[in-house]
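Colleague: I am new to this structure and should like to understand its charged side chains. May I put some questions to you once it is displayed?

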Amino acid sequence: MIKPNLDTVALGPPIERLGVWFFPLYLPGNDLPAIATGDASGLLVNELETASVQELRVTNPTDKPVLVAEGEHFLGGKQNRAVNASVLVGSLCDADLPVSCLEQGRWGRRRTWSRAEAFAPARIRAAQRRGVARSMQDGSRAGDQCGVWSEVREMLSHEDVESETEAAADLQQTYRRTAPRSNAVEELVRRGPLPGQSGIGVARGSRVTAMDLFGAPQLLAAHWGRLIRSHYVESKPPGGRPSADRMFALIRHFARARASEMPGVGLGMEQRIADGRVIGQALTLRGAVVHAAFSQTDDRGGHGHG
């Protein structure tokens, strides 16, 4: 079991735009200290002294812990990277983030670091999770880099996006191609999360695909726009309405599934789940959820990528 209080997650009525459904998630009674995250966190990102494709060095110069969420997409340095595991960086501390490269055709032309306007796409995050799940058997958080690059290439081809460096960031143009798609995305971004909302459960058509749950509403709010955009880089899904019971059952399964547990890269404890239904991770601090996320791995109730 990851955390007993994940059993207390509550779902609200979903909202739908262009076939993508978002269930608001609530996590009552989750006691966390003050944590910063996102653009205003003050976090500094750099390559290691000896640069590595699979790691980035982050520095927290502030007086609060800073959350770097699994799936965050950093642009710049020698290559664009996405984070393989949620990391809580202690105050005045450094940490080496496990990452996957999302830009195969560039290495060595350093650029200033910035956050992409979207998290890594759901399909790519699922590929990262599959690779990390295999690596964890040897005590590593390394992803399957070739598998991630293959997923990026497939998505670029499927969405008819040209990219000089085969960068996943270029997929972001897909939700600006047409006015209906652009307007729908930006409307969702502007409205933000509901009061007290801590997470989203996501479905494409009738198929439940993913979840991101943060330990406090302000942590979700800091990542809201980037999470929403990340679910619109793929073509419009098939029709259908997802089942709230199905979403709830997957979250409950995730909460109760057998997990491998280890100390986090920074503060807290990390849990990993990989079975026939979900694959994901959670970071907890003194028994409270900081960030948890999963992809669906089976095809019951729908088809397509998890």
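Colleague: With which residue does the side chain of Arg 191 meet in a salt bridge?

Modeller: The model is a predicted one. Helix H3 spans residues 179-191 and holds both partners, four residues apart, about one turn of the helix. Their side chains meet with an N to O distance of 3.5 Å. The partner of Arg 191 is Glu 187.

Colleague: Is Glu 187 buried, partly exposed or exposed?

Modeller: Buried requires a relative accessible area under 20%, and exposed requires one over 50%. Glu 187 has a relative accessible area of 26%, so Glu 187 is partly exposed.

Colleague: Which residue forms a salt bridge with Glu 72?

Modeller: The N to O distance in this salt bridge is 2.8 Å. Glu 72 lies in the loop between strands S7 and S8, and its partner lies in strand S12, 43 residues apart, which links distant parts of the chain. Both residues are buried. The partner of Glu 72 is Arg 115.

Colleague: Which helices are linked by the pair of Arg 130 and Glu 151?

Modeller: The side chains of Arg 130 and Glu 151 meet in a salt bridge at 3.8 Å, N to O. Arg 130 lies within residues 122-135 and Glu 151 within residues 145-158, with their positions 21 residues apart. The helices are H1 and H2.

Colleague: How many salt bridges does the structure hold?

Modeller: Some residues are linked in a network of salt bridges, namely Glu 70, Arg 125, Arg 129 and Asp 212. For the structure, the number of salt bridges is 18.

Methods:
Residues numbered from 1 in each chain as written. Predicted model: local features only at pLDDT ≥ 70, side-chain atom pairs only at ≥ 80, totals over all residues. Heavy atoms only, no water. Salt bridge = Lys/Arg side-chain N within 4 Å of Asp/Glu carboxyl O. Helix = DSSP H or I, 4+ residues; strand = E, 2+ residues; numbered from the N terminus. Buried < 20%, exposed > 50% of the residue type's maximum accessible area, 1.4 Å probe, protein only.
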